Each structure stands twice: as C-alpha cells, then as structure tokens.
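Visitor: Pick one spot in this model and give me a close look at it, please. After that, carry on through other parts, with the numbers as you go.

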Amino acid sequence: MPSARLLVLFGSQTGTAQDVSERLGREARRRQLSCRVEALDSYPVVNLINEPVVIFVCATAGQGDPPDNMKSFWRFIFRRSLPSTALRQMDFAVLGLGDSSYAKFNFVAKKLHRRLLQLGGSALLPVCLGDDQHELGPDAAIDPWLQDLWEKVLGPHPVPLNLGLNPPGVPWPSKFTLQFLKDTPTSGPEELCVAGTDPQGPPSELQPFLAPMVSNQRVTGPSHFQDVRLIEFDISGSGMSFAAGDVVLIQPENTASHVQQFCQALGLDPEQHFTLQPREPGVTCPAQLPQPCSMRRLVSQYLDIASVPRRSFFELLACLSPHELEREKLREFSSAQGQEELCEYCTRPRRTALEVLCDFPHTAAAIPPDYLLDLLPLIRPRAFSIASSLRAHPSRLQILVAVVQYRTRLREPRRGLCSSWLASLDPVQGPVRVPLWVRSGGLTFPKTPGVPVIMVGPGTGVAPFRAAIQERVAQGETGNVLFFGCRRRDQDFYWEAEWEQLQARGCLTLVTAFSREQVCVQGRGGARAGAPRVQAQSAPAPPRRSSRRTCSTGSGHSGRWCGSCWTAGAPASTWRATPGTCRPTCATPCCPSSGRRAGSLPPMRLPTSPSCSGHGVSRLRRGPEGPSCCWPQPPCPTLSGGRCWLSPCLPAGRVVNSPAQAPAEGGGPGQHTPARSVPGKPQQ
C-alpha cells in the first residue's frame, strides 16, 4: 500500500451503514490516518483506480437489493466492459449489514466482495457479515473485524511514536461549527423555504414540493383499534407524474412539544439563528439545511430526536459528559461489554434520543451546539405507496396511512414520527402544506393489453392495487382480480363501496376474507350439535420471507402481492391447529409488535391450556424477538370437530374457543405496529 490515505464508502438505506462508516472515520482519525467518508453514489466512481485503501460498508435492503444511495455505483461496478485489472492497485475490505431472517442475507456485501476480486482488488480481510438478528446486534461481528482491520491497515503504516493514538475518552472534533448571528434575518417565513438550486426542476429530496393537503379522513371505524387515514394532496403545478406502483416520499417534522423539551434540556434558544460552516476541507454542509437557519427549524425539521439512538450516540455523550456518574454509565453503554444492557435500556423499549437526554440531564446541558449534527441523525423521508391514479383523480395524490402507535414497558406509548405527524394535520383548521416528491417503486404491472392481473393486498397493502385498478379500468382493462383481507367488514374494509361499484360494472373480481368474523364449518356428516364455531380461512398467505412478490402462472396471468408479513392470511397473533389434532402452526413468522422474525429463544414453560389438558399444548418459546413454538404433537380427541386457537402473545397461553375472542395483534391495540403502505424493510 503506497500511502495511509483511507476512503470509506457506504451504501445505507436507514442510516445504520452510514453510522458505522462515520465510526470508522473517527477511529481512523484517532489513529492519525487521513480518512474521507462518503456515500457511494456521491463519490466519482472512476476515481477508484487512484485509491490505495477503500473500506466499503454496505447494507442489504429487502430481498437482496442495494440501498438507494448506491444504485448508480452498483450498475457501474458490474459493467461487463470493465477490465479484470481495473483495481489491481487497490486494497479493500467489505463490511456488510443485514438480517439473517432474510433469504438473501448480506447479499450486497457478498456480491460486491466477489466483484472487487474479479476486478483485481486485493482483499485485506474476509467480508464482515453484521447480523441484526444477533442478540448484540451487528456490533458482535463488527468489533472483532475492526480490530483485525486496523492491524492490516497500520502494518505498513504504523503510527509515528511522537503522535500515538488519541485516547478514546477525548471527544473528536465536530464536523461543523455553528456561528450564531446577533441579528435575526428579515427574510420570509422559514417554513416556505425549500432547498434547491434549480427552481424549475422536478420535485426531489433537495427540492420537495409543498403540496396542499386537501383532506385527512379516518377510514376505519370509531371502535377499531387502528387509526388509518386516507390523505389527499393537491399536486397542481408541481410537474409530478406517477404510475401505479410508484411511491411518494414525505419529509416529516418533530412535534412542537418535543422541540421545546429538547431546547430546554440543552439550554438552546429556539429563535437563535446561525450559519453552518464545515470544520474540515472537503466536507459539505447538508444540502437540505438553509443558510442561515433558526435553532427551532433545525430541531423541528432536520434532527431526528425521536429516533432510537445507536451506540455512537452514547460514545459521544460519554466524551462530552462533565458528570462522573453519568459519564460512567454512558461509557458502559458504549462499550462492547455493555451492549446487552444498552439493548435492555434503549433498543427493546424503543427509548428515543430525547428521552435519553432527559435521563442524563447534566450531560445534556453540557453538549456544545457544534456537536448537534454529530450527535443526532437527520430525519429521513418516509415512503408510502400511492393509492390513486392520475387518470381517475387528475392533479391529486392519495395515500393510505396506518398511524403507528404501540406500547412498550415505558410509560409513554411509542408513536411513528411521520404517521402521527400526518394524522395531526387538519386542513379544515387552515392551510396545510406537506413537503413531498415522487419516486419509482418496485411494483410494476404488465403493459401488454389484455393480460389479467391477480392482486393480493391485505390491509393497507391494498393501496398500490387501488391505483393499479383505477388505471387499468380507465384503459378498458377488465381482467382485474383482487384478494383483500382485513379484520372486520364494518371496521377496516377500505374502499368497500368503490370495489362493489367496479364489481357491478364487470371491471373487478373481488375475493374477501375477514379474520375476526365467525362462520360455521360443516363437516362431512353435516353440522353437529354443539360443534364449535371457527374462523373462515383467510386468503392464502404468501411465502413468509417476502414482503412483495411478482409471479407468473405460465398461463398468461400476472400476479402481484403487497402487504406486511403479518397482515397476509389469518391473524398474526393466532396459532392455528389442524382439525383432529392438537398441532398448532404459527400463522406468521414475525413478531407483530416488532416486525422481526422469531429467533431461537430458550423455551419458557407455561400453564397447560384447559381445553387441551393432557394433550401436550404446554410450551411456548418467548423472547424479545417474538414467540415461536415447541410442541409435543399427540392427537387431541377433544378438538376433533374444530380448531384450537392459541395466542402467543397471552402470558398464560390460554386457548380461545372462537375467533371473536382472539386478541388483537401484538397482544392488544396498544402493541400493534402496523406496516406502512410501502411493504418491505431493509435488512439493516
């Protein structure tokens, strides 16, 4: 290696890979190494031939997809025209972030590692595979891998004796400095300022369109536990166009009460204005942030104070804390040995960064404003499937939003930032504008006329199919088959009147299933007196590892499925038993309260159910990732005429004799975490 210059490139979907990359940059600078950290798509990839040492940090999104900010790099690096010696002068290492519950675990990192070897690069280390399913998270693999990495990098380039390593307890220099202004700028209202250099360009993340909200209507029944909103925007004059399957990205804001609480904890004046200056050459200020900017706008629209903080958050707080007891606890949370305690304190109960700062008041009051952008990530836009077609609703854009709210062991319920913010907006009370822009989605529909389409969209997953059906009906297509499932017809049957109207016109074939409504099941010899009433089977659930599927039947039909892994099929919190046995099977592989796959957890013995006494239904595996089952499986004569309903979220594992008695997903209305309209989740 000709020099100690280090480049860290990351591809991140939710910010985890970026956080790890910035950690790499800090540790490199602590070892007196020159280091740059950039997103893959913002780096001129042709310059890779001049880089001596490059560390790639890549997340895997969904079913083996690269993150959005590395797709251009991904297409370039896999060009067949690239020579096999293109990167022969480059030493590299690849760190992957993924989730082992997915079939293509860390697919992007593995494939990139092989491709760099094909192009002549020299691997410093085997690829690191961080696993979000590990009890200590991805750090369990990252920490030892980084120790080996620094030995490899510093071998030919040892730190000079007169410099040495910076001690870990000393805070690193902030990336930016905040220069406060004495006079308040006299420019127009800040809330109407939109970043961007080309006012005539299409709306984008740097230049979103401030769309007026036309309506915000609750579409679930008043007694239904879930608040679902149909929100409509006016996009006249925006220049936006979209097709069925596309998504809209919305930039949310923190609540006013949280902004005030944050400023009080840190001793900040919300009306104080400042300009942002990078501390090091080559570092650019966030393009979304206006200059000058008020502290209120920075906290309300840019800093994600409602996110669950990562390990680096506690590491920086420990360096900045002047209080001995608080500093000791923060150091424990940021150490490798304290990750289990950090998970119990922060990750499992979903404690926010604001709540952590309130728990460490002396440390919060001592945080210099220059470190705000190092301490907290920027608010990321949220994506929702577009639920309308421009052919049916010109100059309008509609979305179906499930308001996320659930409970943990903390006193305050956990709320989704974007969904709760959207639900709080009321256009009847006054004009409301929401920053948004449109992006192509991963769900596509056949363009060949006359091809029938089968669509499976349970719950809010039906949103993109409404747009597709509206568009296809406007084009004269009648081969539309929709499988829709929800809990109750009178509570959460979205667009019931619209579907029935299309059915009457012969434009739609609708198949429904309502998981909380009872029907009689007649056996081979007719209905028996006293036979239990059981639930009708819902629409068949798709394969569990996928959140979006496209299939072809081979007979000219095209199939699409969209929805969360626990909303497809029967209720996620219900265990089904085959009639004639006491052999329950789980209706979902995911924990409803976290959306994560049940891991291999130590079994916990529960009381035997009275309905299955002596027939082996006695054990249930339970843990933070959700339940899984461990069943002895002898026949159950007492249930030969019906089904055994067992909820994994009930502490006693009791049997429910009818679907109407089955609990809500997640153990109750407060614990259910619904999927957003856009299915799929990054592995990171």
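Guide: A residue counts as buried when its relative accessible area is under 20%. Keep that cut-off handy, and remember that we're looking at a predicted model. Our spot is N106, which sits in the loop between strand 4 (91-98) and helix 3 (107-118). Its relative accessible area is 0%, so N106 is buried. Now check the backbone: phi of N106 is positive, at about 50°, although the residue is not a glycine.

For a second positive phi, go to S395, again a residue other than glycine, with phi near 60°. S395 is found in the loop between strand 13 and strand 14. Here the accessibility is 33%, which is why S395 counts as partly exposed, whereas N106 is buried.

That loop takes us into a sheet. Strand 13 (382-385) and strand 14 (396-402) are its edge strands; each has a single partner strand, so one side of each has no neighbour in the sheet. Reading across, the order is 13-10-17-8-9-14, an open sheet of six strands with antiparallel pairing. Ignoring direction, neighbouring strands here are turned by 40° against each other on average. At the strand 13 edge, the partner is strand 10 (residues 247-250), which runs antiparallel to strand 13 and is joined to it by four bridges. If you want one bridge to click on, V247 is paired with S385 in strand 13.

While we're on backbone details, there's a cis peptide bond between Q291 and P292, with omega at about -5°. P292 belongs to the loop between strand 11 (273-278) and strand 12 (293-294).

Now for a pair of helices. Helix 8 (residues 324-334) packs with helix 9 (residues 339-347) at an angle of about 105°, and their axes are 7 Å apart. Angles of 65 to 115 degrees count as roughly perpendicular, so that is the label for helix 8 against helix 9. On the helix 8 side the contact is made by K329, E332, F333 and S334, and on the helix 9 side by Q339, E341, L342 and Y345. Sorted by class, this helix 8 to helix 9 contact holds three nonpolar, two polar and three charged residues.

Helix 13 (residues 417-424) is another one to zoom in on. It is largely enclosed by the rest of the structure, because six of its eight residues are buried. Those buried residues of helix 13 are L417, C418, S419, W421, L422 and A423.

C418 brings up cysteines. A disulfide is a covalent bond between the sulfur atoms of two cysteines. Searching the whole structure turns up zero disulfides. C263 has a relative accessibility of 2%, so it counts as buried, and C319, with a relative accessible area of 14%, is buried too.

Last stop: R23, in helix 1 (residues 16-30). With 13% relative accessibility, R23 falls under the 20% cut-off and therefore counts as buried. Setting aside neighbours within four places in sequence, R23 contacts D139, I142, D143, L146 and R311. By class, Asp and Arg both count as charged, while Ile and Leu count as nonpolar.

To go back to where we began: N106 is buried at 0% and has that positive phi of about 50°.

Technical notes. Residues are numbered from 1 along each chain as its sequence is written. This is a predicted model: local features need pLDDT of at least 70, side-chain atom pairs count only at pLDDT 80 or more; totals for chains, interfaces and linings use all residues. Side-chain values use heavy atoms; hydrogens and water are left out. Axes are lines fitted to C-alpha atoms, for helices over the stretch in contact, and angles run from 0 to 180 degrees between N-to-C directions. Helices (H or I, at least four residues) and strands (E, at least two) are DSSP runs, numbered from the N terminus. Angles under 35 degrees count as roughly parallel, over 145 as roughly antiparallel, 65 to 115 as roughly perpendicular and the rest as oblique. Contact means heavy atoms within 4.5 Å. Two strands pair if DSSP finds at least two bridges between them. A disulfide is a pair of cysteine sulfur atoms within 2.5 Å. Buried means under 20% relative accessible area, exposed over 50%, partly exposed in between (1.4 Å probe, protein chains only).
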